[in-house]
Amino acid sequence: MCTSITMKTSDFYFGRNMDLDYLFNERIVITPRNFQLKFRKAGILKKHFAFMGMAAVSNNYPLYADAFNEKGLCIAGLNFPDNAYYMKPESAGNCGIASFELIPWLLGRCSTVTEAEKLLKKTNITSIRFNESTPNAPLHWHIADKERSIVLEPTATGMNIYDNPAGVLTNNPPFSFQMANLSQYMNLTTSVPENCFSHKVGIKPFGKGLGSFGLPGDFSPASRFVKAAYLRLNSKCSDDEQSSISQFFHLLDSVSVVNGCINSEDFEFYETTYSACMNTDKKFYYYKTYDNSRITAINMNNENLDGNTLIEFPLQNQQQILWVN
């Protein structure tokens with residue numbers, strides 16, 4: 001479970017909710033330009049674009065869940081069970097990239113969605129595991145920059161790449177269904193609804209917001225897609241940074257998961273473990289966690305991006321309260 005969105009004011013913003021029933025030792029990680037990216041089948045990339053995002057680090061390798069690079073390209077991987085399909089390594093050729101390598105593979109080389117799309121058409125995503133104890137996560141990916149938003153879905157029928165005018169991604173069913181499903185909500189409006197029931201009955205709205213009656217509010221992927229898309233496409237806010245960040249997190253909050261409302265087959269409860277917002281123009285990464293609702297920020301510009309070692313920032317998970325008396 002997860003939701004990702006894009007938003008543009010004077011700057012471009014990209015981010016996501018991570019909805020899980022566990023933590024994965026995640027932290028903010030900056031991969032500088034001279035950190036060697038070693039791919040299992042595609043060799044070594046010694047010099048590349050710098051990028052930053054949420055990742056776990058294992059054996060000095062960043063396992064990114066979401067990130068953006070210094071050129072403004074963004075990617076988030078979202079759960080896609082039962083539909084994600086990765087090729088066998090022996091069938092993938094020299095451009096076989098393991099699923100856990102895809103974010104570094106694209107962000108290290110590409111500056112735009114168009115460049116990433118071109119590279120993806122020559123790329124095969126393989127089922128190589130990071131190690132024997134780490135199974136592959138079944139994923140699809142939301143890829144965006146300030147000009148375009150696309151979705152990558154590797155399935156048994158092939159590598160499907162979709163333009164994403166909604167600027168939103170959740171989970172199953174596949175993206176083509178999610179977009180078609182929006183047609184069921186064409187009646188929604190931010191305005192006062194008109195009486196289409198019958199002109200023979202003098203019906204009037206009895207409260208504000210009735211134009212959005214029928215907007216889903218449950219936690220299913222299809223409902224989160226509709227709600228996030230509706231709110232994102234109708235969102236209004238000022239162009240300044242503070243207003244933009246505030247609005248972005250309000251959008252994510254509208255589809256966040258409260259602990260105790262969804263449990264897994266093992267009766268572990270899901271929650272929105274973190275929410276992230278990336279300003280790709282200013283190169284800021286903002287986040288808040290389930291246990292700390294204060295927004296924390298990391299400025300990519302303040303670090304040595306020409307280095308050759310990973311730069312890590314553990315999450316601030318303890319609630320921070322401002323007392324005023």
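**Aromatic pairs in the predicted model**

Let me begin with Phe39, which counts as buried because its relative accessibility is 6%, under the 20% cut-off for that class. I should say at once that what we are looking at is a predicted model, and that the topic today is its aromatic side chains.

The structure holds eight aromatic pairs, and I will take two of them in turn. In one of these, the ring centres of Phe39 and Trp105 are 5.2 Å apart and the ring planes stand at 85°, so this pair is edge-to-face. Phe39 belongs to strand β4, residues 37-39, while Trp105 belongs to helix α1, residues 102-109, so the contact ties together parts that are 66 residues apart in sequence. Trp105, like its partner, counts as buried, because its relative accessibility is 4%. On this same tryptophan there is a charged neighbour to point out, since Arg109 lies over the face of Trp105, at 4.1 Å from the ring centre.

Let me now turn to Phe100 and Phe130, whose ring centres are 5.3 Å apart and whose planes are at 85°, so that this pair, too, is edge-to-face. Here both residues come from loops: Phe100 sits in the one between β9 (96-98) and α1, and Phe130 in the one between β10 (124-126) and β11 (139-144), so the pair ties together parts that are 30 residues apart in sequence. As for accessibility, Phe100 counts as buried at 14%, and Phe130 counts as buried at 12%. Finally, these two phenylalanines are not on their own, for Tyr61, Phe100 and Phe130 form one aromatic cluster.

How values were computed:
Residues numbered from 1 in each chain as written. Predicted model: local features only at pLDDT ≥ 70, side-chain atom pairs only at ≥ 80, totals over all residues. Heavy atoms only, no water. Phe/Tyr/Trp six-rings, centres within 6.5 Å; stacked < 30°, edge-to-face > 60°. Helix = DSSP H or I, 4+ residues; strand = E, 2+ residues; numbered from the N terminus. Buried < 20%, exposed > 50% of the residue type's maximum accessible area, 1.4 Å probe, protein only. Lys NZ or Arg CZ within 6 Å of the ring centre and 35° of its normal.
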